[in-house]
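Biologist: Could you take me through this structure step by step, explaining each term when it comes up?

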Amino acid sequence: MNCTPGGGGGVKRACTSTLQAPNTKIQHRRERRAPSKHNRCTPMEASTNGGAGSPAVNLEEQVKELRSQVLKQQELLEKMQHQLSQQQQQQQQTSEPPKTSTGWSPDVSPFEAQRIGIGDRRLAGLYDARFHSTATGAIPRDFRVLPDKIFLVRHAESEGNVNSATYSFTPDSQVSLTERGRQQAREAGLKIKACLEAEGCSKERLFFYTSPYRRSLETYEHIAAAFPPESIIGVQEEVQLREQDFGNFQDAEGKKREKADRLRFGRFYYRFPDGESGADVYDRLTIFEDHLIRDINAGRFANGTTLVLVSHGLAIRILLMRWFHWTVNQFMCVYNPPNSEPVVLERVPDNNAGMDGAATWMHTKALYRLSESSLKFLPGCTLDMCSSDHMPRPLPLKPLPTPTSPPESPRHEYDSESQLIQQQQPQDQPPRQQQEPSPEWEAACPMPSPKVDTQSKKQAEAPPLQFQEPA
């Protein structure tokens, strides 16, 4: 270090400048290595300044290639869209009906135009939801969409059937089956299976509708156990199939008085306190049947499907009343079927479905009838009540004599109504079960005969009989 002497602080200043020189050189090196942000250039600027092999040049080339590929894809897509529009125009020219100056021909409805454009899936035996409507859903376009049979099964014997006091401490919806009832339900499954096998059914397909009540669900489980799992194509719980509401927790003595009042007032119209009347059940089952018919005609149960409805005694009778258009008086003649005994609705032969075999103008309900073997399980039901048609039935002009009591038969166990009538008799009189039906009752509600003879056929052609409740 060279320090020249001088006056004052000359030496000090010279030494300081000499010491600062190395730091200045280091600072200049750092500036050359790391230029400031103001001196840095963008990748695009570097590409113009850099050489041909720099990373910036490679990135720019990749972007250009991607842009060219996107343009080619867009051109290809436009060509395909143009070809598709041409094909659609050609199809419309061959399938569209002639148009008028105002649009579609008045002879072709928009529904038919849609069917022509898309096709009717039901013609292939498939489900088509477009036909699920009240306007066109009441008439099937193809017999293949109709289920082969419809089984109506009253639940098996429950705890309430054995002891009516059960309803005093158990909600009606939670009453379960007895051990005997479980056996009855298993036998019902075997009966349905045997019926299908007798008809030559090669592949079993069953769809179940069931009431949400516990005794109905248990009945369904035991019936379904008779079939392999792959045969059950579906099960649906329907609240509308529940039992008539008799109230909440039911007092046994109070219900006896109310059921006695129902016999005097009329079983169909009497509404239990906090419960329903038969007319109320009729209303909700009407809604269920409307939905069921639309599902049938839409092809939901095609390909040889069998329907099984597990419900309750009154609900089954009213369902038949609605299906076959029974009058109220005819309904009053019919009593509940036995527990877990299948009642069968079978298909009407196709050649008898209508004039010349055409059924396009007939309601789906008219294509089914109550099987002859099921008559014995519905006491009071006659042959003329087992089918339906499109013609209104004449009503009798004169009322019939009032029957004194319902018919009793050892082959059938009646519900609590007939049991109540027996309980109301004095102790010194024989029970009703030992008493022969009165002539007035036989005239009003004749018991069905297991054999179909000419006399029964004549009775079926006669107008329906009118029945009145005892005063």
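Biologist: How do the axes of α9 and α10 cross, and at roughly what angle?

Modeller: Two packed helices are described by the angle between their axes and the distance between the axes. In this predicted model, where axes are lines fitted to C-alpha atoms, for helices over the stretch in contact, and angles run from 0 to 180 degrees between N-to-C directions, the axes of α9 and α10 come within 9 Å. Helices (H or I, at least four residues) and strands (E, at least two) are DSSP runs, numbered from the N terminus. α9 passes α10 in a right-handed crossing (the near helix is turned clockwise from the far one by less than a right angle), and the angle is roughly 60°.

Biologist: Which residues of α10 make the contact with α9?

Modeller: Contact means heavy atoms within 4.5 Å. From α9 the contact involves G278, V281, Y282, L285, T286, F288, E289, L292 and I293. On the side of α10, the residues are L314, A315, I318, L319, M321, R322 and W323.

Biologist: What should I know about the numbering and the limits of the model before going on?

Modeller: Residues are numbered from 1 along each chain as its sequence is written, and side-chain values use heavy atoms, with hydrogens and water left out. Because the model is predicted, local features need pLDDT of at least 70 and side-chain atom pairs count only at pLDDT 80 or more, whereas totals for chains, interfaces and linings use all residues.

Biologist: What percentage of the residues of the chain count as buried?

Modeller: A residue is called buried under 20% relative accessible area, exposed over 50%, and partly exposed in between (1.4 Å probe, protein chains only). The chain has 471 residues, with 14 helices and 6 strands. Of these residues, the share that counts as buried is 41%.

Biologist: Which element gives the largest share of the largest nonpolar core?

Modeller: A nonpolar core is a set of buried Ala, Val, Leu, Ile, Met, Phe, Trp, Tyr and Cys residues joined through side-chain atoms within 4.5 Å. The largest one has 40 residues, and L152, Y209, L307, L320, L370 and C381 touch the most other members. Among the elements that give two or more residues to this core are β1, α9, β4 and β6, but the largest share, 9 residues, comes from α10.

Biologist: Is A156 buried or exposed, and what is its relative accessible area?

Modeller: A156 is found in the loop between β1 (149–154) and α5 (159–162), and the unreviewed UniProt entry includes A156 under the annotation "binding site", although such annotations may be inferred rather than shown by experiment. Not counting residues up to four places away in sequence, A156 touches residues including L177, T219, N339 and S340. A156 is buried, with a relative accessible area of 0%.

Biologist: Where does S158 lie, and which residue among its contacts is also covered by the UniProt annotation "binding site"?

Modeller: S158 lies in the loop between β1 and α5 and is buried, with a relative accessible area of 0%. Leaving aside neighbours within four places in sequence, S158 is in contact with Y167, V175, S176, L177, T178 and R215. The residue that the annotation covers as well is R215.

Biologist: What is the relative accessible area of S340?

Modeller: S340 is in the loop between α11 and β5, and its phi is near 60°, a positive value in a residue other than glycine. S340 counts as buried because its relative accessible area is 3%.
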